[in-house]
Amino acid sequence: MNASHKRRVTQALDHVLLIAGALLMCVPVYALFAATTHVPGTPIMPRLDPGGALLENYGSFLTSSAGFSGDITVVAMVWNSFILGAGFAALKVAVSLLAAYALIYFRVRGASVIFAILMLTLMLPLESRFLPTYEVVANLGLVNTRTGLVLPLVASGLGTLFFRQFLMTVPDTLLESAKLDGAGAWKFFKDILLPLSLPTAAALFLVLFVNGWNQYLWPVIVTSEESAYTVVRGMQFFGRASLPGLMLAILAILPPSILVILFQRQVIKGLFDGSH
């Protein structure tokens, strides 16, 4: 067997393993989705045959009231989850990029110590600071608000690490050229560093969006009114083995899954290659 034939066999085996792994992960999700397309009253069980009630089931479900008070609809829960995920990701990216910029370019005294402290925060589970954070949020009157849901989770040592490592690869000649052209700190950041950082920022935004969308414990702590519930928080209203419960589970995994599938190449490039 020559080297070329061995390489083709190895590639074929790799593809078989990848396809088998993809099917192992995707088929159960598809089976649950197919079960939600059948008319109500059909036994709830994973199945591969799609039904003809897709639009009817999801159309009525999205506008149906949920909760004990009926103050929340499924569409509102999806919107709250989107606000949490997008706000969580956008603010984290912005704060992390500005923090990394300050640490790298402003020659802050004790920058290495500050960065080390930021890295230490990665060793602490997010849940360990929920109770003192809740006290601050309550004192500010932000309980049961979208601001209180998003703002306390904005600080990110991980995001600062990613941007710091990226900014360290930017040639110093760019900064020198900007100074010669009379560009100040803000202009240099806005016109040069920000465009260069967009691939990394976009990739980090997507990862953080998925993380924010799937948050459960913090929304449980900071929201007691049903009108502020997210999709993950609202799953308690529906039985896991019921048709509405399956549809809500599908809605919970659908948006982040679509984003990851559509932008997986950009995520890999942004996190590992950056713009260089």
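Me: Which elements each supply at least two residues of the lining of the second largest pocket?

Reply: Start from the lining list, then map it onto the helices. In this predicted model, helices α1 (3-35) and α12 (243-262) each give two or more residues to that lining. The top contributor is α12, with 6 residues.

Me: Which residues line the second largest pocket?

Reply: The lining is M25, C26, V29, Y30, F33, I250, I253, L254, S257, I258 and I261. The space there is about 290 Å³.

Me: How does the lining of the second largest pocket divide by class?

Reply: Sort each lining residue as nonpolar, polar or charged. Here 10 are nonpolar and 1 is polar, with no charged residues.

Me: How much space lies in the largest pocket, and where is its centre?

Reply: The volume is about 510 Å³. There are 24 lining residues, and K92, R129, A155, S156 and G157 are the closest to the centre. Three elements give two or more residues each: α3 (74-105), α7 (157-167) and α9 (185-213).

Me: How do the residues of that lining divide into nonpolar, polar and charged?

Reply: For the largest pocket the split is 16 nonpolar, 6 polar and 2 charged.

Me: How many cavities of 30 Å³ or more are there?

Reply: A cavity differs from a pocket because the probe fits inside but cannot get out. The count here is 1. Its space is about 40 Å³. The lining consists of A35, H38, V39, P40, T42, P43, I44, M45 and L243. By class, that is 7 nonpolar and 2 polar residues, with no charged ones.

Me: Now the surface. Which residues form the nonpolar patch?

Reply: To read a patch, look at its members, their combined area and the elements they come from. The members are I19, L23, V27, Y30, F33, L48, L54 and L55. Together they have about 750 Å² of accessible area. Both α1 and α2 (54-62) supply at least two residues. The largest share is from α1, with 5 residues.

Me: Take I19 from that patch. Is I19 buried or exposed?

Reply: Compare the relative accessible area with the cut-off. Exposed means over 50%. I19 has 51%, so it is exposed. This residue, I19, lies in helix α1.

Me: And L103, buried or exposed?

Reply: Buried means under 20%. L103 has 13% relative accessibility, so it counts as buried. Its helix is α3.

Me: How far apart are L103 and L167 in sequence and in space?

Reply: Read sequence separation and C-alpha distance side by side. L103 and L167 are 64 residues apart in sequence. In space, their C-alpha atoms are 10.0 Å apart.

Me: How many salt bridges does the count come to?

Reply: The count is 2. One joins the side chains of K187 and D191, at 2.8 Å from N to O. The other pairs D191 with K190, where the closest N and O atoms are 2.9 Å apart. The shared partner links K187, K190 and D191 into one network.

Me: Why are K187 and D191 separated by about one helical turn?

Reply: Check their spacing along the helix. K187 and D191 are 4 residues apart in helix α9, so about one helical turn separates them.

Me: How accessible are K187, D191 and K190?

Reply: Partly exposed is the class between buried and exposed. K187 falls there at 44% relative accessibility. D191 is partly exposed too, with 35%. K190 counts as partly exposed at 37%.

Conventions: Residues numbered from 1 in each chain as written. Predicted model: local features only at pLDDT ≥ 70, side-chain atom pairs only at ≥ 80, totals over all residues. Heavy atoms only, no water. 1 Å grid on protein atoms, 1.4 Å probe; cavity = no way out; pocket = protein on both sides within 12 Å on 5 of 7 lines; lining within 4 Å. Points joined across faces, edges and corners; volume = space filled by probe spheres on them. Nonpolar A, V, L, I, M, F, W, Y, C, P; charged D, E, K, R; others polar. Patch = residues over 30% accessible without salt bridge, like charges linked within 9 Å, V, L, I, M, F, W, Y side chains within 5 Å. Areas by Shrake-Rupley, 256 points an atom, 1.4 Å probe, with all protein chains shown as cover. Salt bridge = Lys/Arg side-chain N within 4 Å of Asp/Glu carboxyl O. Buried < 20%, exposed > 50% of the residue type's maximum accessible area, 1.4 Å probe, protein only.
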